[in-house]
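Please open the model in a viewer and keep the sequence panel visible. The stops below proceed from one selection to the next.

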Amino acid sequence: MNTDIRFYREADVFAKLSLETVIEEVEFALRREHEGTATNIPKTMTTWGERSSAHALGALDLGESLVAFKTWVNTPRGAAAVATVFDAEDGRLHAVVQAGILGAVRTAAIVGVATRRLAASGADELAIIGSGRQSLSQVLAVHAVRPLRRICVWSPRPSSRDAFAEQIRAHVPASVVVADTLRDAVRGVGIVTLVTRATEPILAADDLAAGAHLNAVGAILPSNAEFDPRLLGSAKLTVVDNLENARRSSRELREFFGDDWSRVHRLADVVAGTVAPDDTASGPTVFKPLGMGLSDSAALTAFLRVVEPGLMEAR
């Protein structure tokens, strides 16, 4: 029995985990998913009350010889998450990691990968819609892959969007402006990220600029939606992190695609180069991440490379 199990707290993750490193680890893991040496363990979830939910997912990554799981609970009064990492060869438990920060970083990192692969190469303007706890990491992820010249902020409360704009200015050397309306924020902008708690669509089908890239990060509960599903009709490409999770949890995609998901593709296949946007279409590229174990596993791998280099070198 392994009695030398390491436990890492949020402070350890904050001190050691680099967003740029996780972006690269996520891309490597997606390549292994395409090749068939890494796979997701399906997500399961339940909800109760008006805004409470519990989730669990995992991944097997034979390239790193690791199995990872993450479980978390969100309630109006608080949230917590924990990840566990096992050896795929002998079943040993290597580490237990508090995973609140890790979850935010991996969510941002996979958006960084999608933006790098799907946004126009010259795109240097971002509209960030939402000013919650994950919004800054979303801005930083886009900036890591598309150095930003201008960032436009909008969220429903003026005080929140003003405070968030100041927060961005402290981290990103770009022009940061605050919009009065969502439509003003996204007008003519090449990259748009939605990270809100919207329960009904707030982005209309005709709000996006031609050829823009949309990261729709919020609305991960089956009853919620952030954007009008009709904008998918003109999309150059619609991409998800995990098809099974998207079928279960994306109201926008379910309402538009119904039973025919042949036009919805995995990010793993985009990274591998077997899927690309339809340049004959004039609409946006759309990325809808619902969360998958493989991106958590990649973030854990990045973290363990720093804090457990001996373990990772032995892989």
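Select strand S2 (residues 38–48) together with strand S3 (residues 52–61): the two pair in the antiparallel sense over nine bridges. Helices (H or I, at least four residues) and strands (E, at least two) are DSSP runs numbered from the N terminus, and two strands count as paired if DSSP finds at least two bridges between them. Within this pair, Thr 47 stands opposite Ser 53 in S3.

Before continuing, note that this is a predicted model, in which local features need pLDDT of at least 70 and side-chain atom pairs count only at pLDDT 80 or more, while totals for chains, interfaces and linings use all residues. Residues are numbered from 1 along each chain as its sequence is written, and side-chain values use heavy atoms, with hydrogens and water left out.

**The mixed sheet**

Extend the selection to the open sheet of six strands, whose order is S1-S6-S5-S4-S3-S2 with mixed pairing. Its edges are S1 (6–8) and S2 (38–48), each of which pairs on one side only. From one strand to the next, the twist averages 10°; axes are lines fitted to C-alpha atoms, for helices over the stretch in contact, and angles run from 0 to 180 degrees between N-to-C directions.

Now add the helices that pack here. H2 touches S2 and S3, and its direction makes about 105° with that of S2. H3 packs on the sheet as well, touching S3, S4 (66–75), S5 (78–87) and S6 (93–98), with its direction at about 105° to that of S4. Contact means heavy atoms within 4.5 Å.

**Two buried helix residues**

Select Glu 25, which lies in helix H2 (residues 19–35). Is Glu 25 buried or exposed? Glu 25 counts as buried, at 6% relative accessibility; buried means under 20% relative accessible area, exposed over 50%, and partly exposed in between (1.4 Å probe, protein chains only). Not counting residues up to four places away in sequence, Glu 25 touches Ala 298, Thr 301, Ala 302 and Arg 305.

Next, select Phe 303 in helix H10 (residues 293–307). Phe 303 has 0% relative accessibility and so counts as buried. Leaving aside neighbours within four places in sequence, Phe 303 is in contact with Tyr 8, Asp 12, Val 13, Lys 16, Leu 17 and Val 97.

**The parallel sheet**

Move to the second open sheet, of eight strands in the order S9-S8-S7-S10-S11-S14-S12-S13, with parallel pairing. The edge strands are S9 (175–178) and S13 (264–266), each pairing on one side only. Here the twist averages 20° from one strand to the next.

Begin at S8 (residues 150–154), which pairs with S9 in the parallel sense over four bridges. Arg 150 has Ser 175 in S9 as its bridge partner.

Then select S11. Four bridges join S10 to S11, and the two run parallel; Thr 193 has Asn 215 in S11 as its bridge partner. On to S14 (residues 285–288), which pairs with S11 in the parallel sense over three bridges; there, Val 286 is the bridge partner of Leu 214. Display the side chains of S11: His 213 and Asn 215 point one way, Leu 214 and Ala 216 the other way, and all are buried.

Add helix H4 (residues 135–145), which lies across S7 (125–129), S8, S10 (191–194) and S11 (213–216), running at about 165° to S7.

**The nonpolar cores**

A nonpolar core is a set of buried Ala, Val, Leu, Ile, Met, Phe, Trp, Tyr and Cys residues joined through side-chain atoms within 4.5 Å. Which residues of the largest core touch the most other members? Select Ile 128, Ile 151, Ile 168 and Leu 267, which do so among its 67 residues. Helix H3 (residues 100–118) contributes the largest share of this core, nine residues. Another core, of 29 residues, lies apart from it and includes Val 186, Ala 212, Phe 227 and Ala 235.

Center the view on Ile 128. Beyond its neighbours within four places in sequence, the contacts of Ile 128 include Ser 135, Val 139, Ile 151, Trp 154, Phe 164 and Ile 168.

**The whole chain**

Finally, display the entire chain, whose secondary structure comes to 11 helices and 14 strands. Of its 315 residues, 53% count as buried. The C-alpha atoms fill a box of roughly 60 × 40 × 40 Å, taken along the principal axes.
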